[in-house]
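Let's take a walk through a protein together, starting from its inside and working outwards. Have a look at the sequence and the model below, and keep them open as you read.

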Amino acid sequence: MTDDQTRSVLLVVLGATVLWLWRSGDALNYVRPGLASWLLAGGVVVLLLGLLPPLGLVGHHAASAAGHDGHHHRGRVGWLLLVPVLVVLVVQPAALGSYAASSRSVVPGGGDGGFEPLAAPVRGAVPMSMAEFVTRAVRDPSQSLAGVRVRLIGFVAPPEPGDRGWRLTRFVIFCCAADAEALQVVVAGDPAPRARDQWLEVEGTWQPRPAAVDDPNPQPPVLDADAVRPIAPPRPPYEYTVQFTG
């Protein structure tokens, strides 16, 4: 196979893989939803470049035997580009989980203004993103969460030294999984054993402590849980903003 033919086959495979990721929804394990349409467009363009003339496989004329002999080593090296494609198709990497959380755990910084009023309770608890809960619990000097029963969704990560329970975790991404940051809450009062990376819906109340407005590395907040329910992994698996201050 000539270098041109190798290049065309690689483009077709890469483009088809991107389209498969978009179609299956697995692309959301790697990028935020707003980028999925751009991923689709890129996959279509790459696929067409590999198929259509003058460069693609359709209507492609074979190169001369001399040209083939002079370039077959480079063509063989080009096939190494299929390795990441095979990883995606065979291994199918999942969304980020607990093994990535310890190296990416953060607490969002506070803003210059106050916080918006809390949403109304639904079925006895205020539904809240992990980013909002962590930001309010750690950065809000008015302690707007005091005495408020909240509902959070995340997956289980093991406790760190000094924790009084396991850590409920959710990743927030800004562009793609490469820039993901882990938001964590220590869940206290849950005696049941929880499997690592198990997705849960947790209801409970925040354990108040002084707001760490100026602390760059505060400890995760603690939630005293009174109801914990296993749930299916949400789609998409990530949160996408940490901006809750006014």
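**Starting from the core**

In this predicted model, the largest nonpolar core is made of 25 residues, and Phe133, Val150, Leu152 and Val202 have the most contacts inside it. Who supplies this core? Helix α6 and the strands β2, β3, β4, β5 and β6 each give at least two residues to it. The largest share comes from α6, with 6 residues. This fits a general pattern: in soluble globular proteins, nonpolar side chains tend to be buried together.

To get a feeling for the core, pick out Val150. Leaving aside residues up to four places away in sequence, Val150 touches Ala125, Val126, Met128, Phe133, Leu145, Val202, Glu203, Gly204 and Leu223. There is also a second, separate core of 11 residues, and among its members are Ala101, Phe155, Ala177 and Ala182.

**The helix**

Now turn to α6, which spans residues 130-139. How many of its residues are buried? The count is 10 of 10, so this helix is mostly covered. Among the buried residues are Met130, Phe133 and Val138, but also Glu132, Arg136 and Arg139. What do they pack against? The buried residues of α6 pack against β2, β3, β4, β5 (199-206) and β6 (222-230).

**A strand between two partners**

Next, find strand β3, residues 167-172. Because 6 of its 6 residues are buried, β3 is largely enclosed by the rest of the structure. Its side chains point two ways: Arg167, Thr169 and Phe171 go one way, while Leu168, Arg170 and Val172 go the other way, and all are buried.

Which strands does β3 pair with? Strand β2 (residues 149-157) is joined to β3 by 3 bridges, and the two run antiparallel. Here, Phe155 has Thr169 of β3 as its bridge partner. Strand β4 (residues 181-188) also runs antiparallel to β3, and 6 bridges join them. In that pairing, Arg170 stands opposite Leu183 of β4.

**Two cysteines side by side**

Look next at Cys175 and Cys176. A disulfide is a covalent bond between the sulfur atoms of two cysteines. How many disulfides does the whole structure hold? A search finds 0. Cys175 is in no disulfide, and its nearest cysteine sulfur, that of Cys176, is 4.3 Å away. Cys176 is likewise in no disulfide, with the sulfur of Cys175 as the nearest one at 4.3 Å. The cut-off for a disulfide is a pair of sulfur atoms within 2.5 Å, so a pair at 4.3 Å does not count. Are these cysteines buried or exposed? Cys175 has 36% relative accessibility, so it counts as partly exposed. Cys176, at 24% relative accessibility, counts as partly exposed too.

**Stepping back**

Finally, zoom out to the chain. The protein chain has 6 helices and 6 strands. Read from the N terminus, the elements follow the order α-α-α-α-α-β-α-β-β-β-β-β. Of the 246 residues in the chain, 39% count as buried. The accessible surface comes to about 12,800 Å², and 64% of it belongs to carbon and sulfur atoms.

How far apart in sequence are the residues that touch? Among the contacts in the chain with a separation of 6 or more, 73% are between residues 24 or more positions apart. Val150 gives you an example to trace, with Val202 and Leu223 among the residues it touches.

Methods:
Residues are numbered from 1 along each chain as its sequence is written. This is a predicted model: local features need pLDDT of at least 70, side-chain atom pairs count only at pLDDT 80 or more; totals for chains, interfaces and linings use all residues. Side-chain values use heavy atoms; hydrogens and water are left out. Buried means under 20% relative accessible area, exposed over 50%, partly exposed in between (1.4 Å probe, protein chains only). Helices (H or I, at least four residues) and strands (E, at least two) are DSSP runs, numbered from the N terminus. Two strands pair if DSSP finds at least two bridges between them. Contact means heavy atoms within 4.5 Å. Accessible areas come from the Shrake-Rupley method with a 1.4 Å probe; for residues, only the protein chains shown count as cover. A nonpolar core is a set of buried Ala, Val, Leu, Ile, Met, Phe, Trp, Tyr and Cys residues joined through side-chain atoms within 4.5 Å.
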